Every structure is written in C-alpha cells, then in structure tokens.
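Me: I am new to this structure and would like to learn how to read it. Could you walk me through it step by step?

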Amino acid sequence: MAAHTNRAASQLLSVATRKIIGTPCVVSAVPVRRMAQRAAISNKPGRTVGKRLGWKRQDGAFVHAGEQLVKQKAMRFYPGENVEFKRGNSLYAMTDGNVMVTAEQLSPFPDSPMYAPVQEGAVIYKKFFHVVPTPLRGKFRLVSET
C-alpha cells in the first residue's frame, strides 16, 4: 500500500514539474490489478486445529466433583489425592474442593520405564494435582438444641 502511494505521489510530482517546464505530460489510464486481501484463517493443507491441551483449573481454584483439571496426551502431570485418571490421561476431580499443585519426588512402579533411573539414584520431580476437600461447616442446629 505504501509503495502504491509513493508511486502515485512521484507521478503527480513529475506531472507538476512537467507543467512548470512546459513539456507535454502523458499519463496512462491503464487499470492496475492489486493483490487480493488474504483470509484471516488459513485453510491450507497440513494446518490442524489445536487440541486445547493443558491446565483447565489453576492452583487454588475451587472445583466441583467431575470437573476436568488437566487435559493431556502423555503422563505429564500425575494425579494426587481426590484426583483420578479418565479418558486420554486427563485428570478429573473426585470431590468438591480447592486445587493444589505440588512438585513431588516420583517413585515409579517396577514396570515403569523410569524405574531403572530412580533405582540408580536419579531424583525425578513431577507435578501432582490434588483436590483438598472443603471442610463441612455446621450450618444447621439440632431441633433438640433450640
């Protein structure tokens, strides 16, 4: 766009100088085809839509039972207390409560590929998601106490 305006300005300048000098001015009236504007969303082959992986609830957020905490494809985050695995290695809350994320030392099972390095002395830390249940408060009084 800037190149087009610069070209038009130089043509007008040359026309003005030619009028002053007195030389004949020839301006062509040939229409110029400009580049079409590109679409905002590309539909080229090979481009895929994101899978929307990652954290769904942050540390300290209140969640209800059954809400998704993390969507993941591989074992990147591990379930802690009151958290369960469901389809696709995703983590879900089992009870109502607040989310707590901790970095804990991993102690894998013997059939895990990380078992051998841990037995050799490697220390591996992973993020664990916990749901701390909210304490039940006495909101009701017994009829016999009133």
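**Reading the sheet and the core**

Reply: Happy to! Keep in mind that this is a predicted model. Let us begin with a pair of strands: S4 (residues 77–79) and S8 (residues 125–133) run parallel and are joined by three bridges. Within that pairing, Tyr78 has Phe128 of S8 as its bridge partner.

Me: What holds paired strands together in general, and in which sense do S7 and S8 pair?

Reply: In general, strands of a sheet pair through backbone hydrogen bonds, either parallel or antiparallel. Here, strand S7 (residues 97–105) pairs with S8 in the antiparallel sense, over nine bridges. To find your place in that ladder, look for Asn98, which stands opposite Val132 in S8.

Me: Which strand order does the open sheet have?

Reply: The order is S2-S7-S8-S4, an open sheet of four strands with mixed pairing. Strand S2 (62–63) and S4 stand at the edges with a single partner strand each, so one side of each has no neighbour in the sheet. The partner of S2 is S7, and these two pair in the antiparallel sense over two bridges. There you meet Asn98 of S7 again, this time opposite Phe62.

Me: Where do the side chains of a strand point, and which residues make up the largest nonpolar core?

Reply: The general idea is that in a regular strand the side chains alternate between the two faces of the sheet. As for the core, the largest nonpolar one has 11 residues: Val63, Leu69, Val70, Phe77, Val83, Leu91, Ala93, Val99, Val101, Phe129 and Val131. Strand S3 (68–71), strand S6 (91–93), S7 and S8 are the elements that give two or more residues to this core.

Me: Could we take one core residue, Leu91, and ask what it is in contact with?

Reply: Good choice! Leaving aside neighbours within four places in sequence, the contacts of Leu91 include Leu69, Val70, Phe77, Val83 and Phe129. Glu67, Gln68 and Glu84 are also among the contacts of Leu91.

Me: And what about Ser90: is this residue buried or exposed?

Reply: Ser90 has a relative accessibility of 4%, so it counts as buried, the cut-off being under 20%. You will find Ser90 in the loop between strand S5 (83–85) and S6. Not counting residues up to four places away in sequence, Ser90 touches Gln68, Val70, Lys71, Gln72, Glu84 and Phe85.

Me: How far apart are the C-alpha atoms of Ser90 and Leu69?

Reply: They are separated by 7.6 Å, although the two residues are 21 residues apart along the chain. The side chain of Ser90 also reaches the backbone oxygen of Arg87, at 3.4 Å.

Definitions and conventions. Residues numbered from 1 in each chain as written. Predicted model: local features only at pLDDT ≥ 70, side-chain atom pairs only at ≥ 80, totals over all residues. Heavy atoms only, no water. Pairing = 2+ DSSP bridges. Core = buried A, V, L, I, M, F, W, Y, C linked by side-chain atoms within 4.5 Å. Buried < 20%, exposed > 50% of the residue type's maximum accessible area, 1.4 Å probe, protein only. Contact = heavy atoms within 4.5 Å. Polar contact = N/O pair within 3.5 Å; in protein donor to acceptor, adjacent residues only side chain to side chain.
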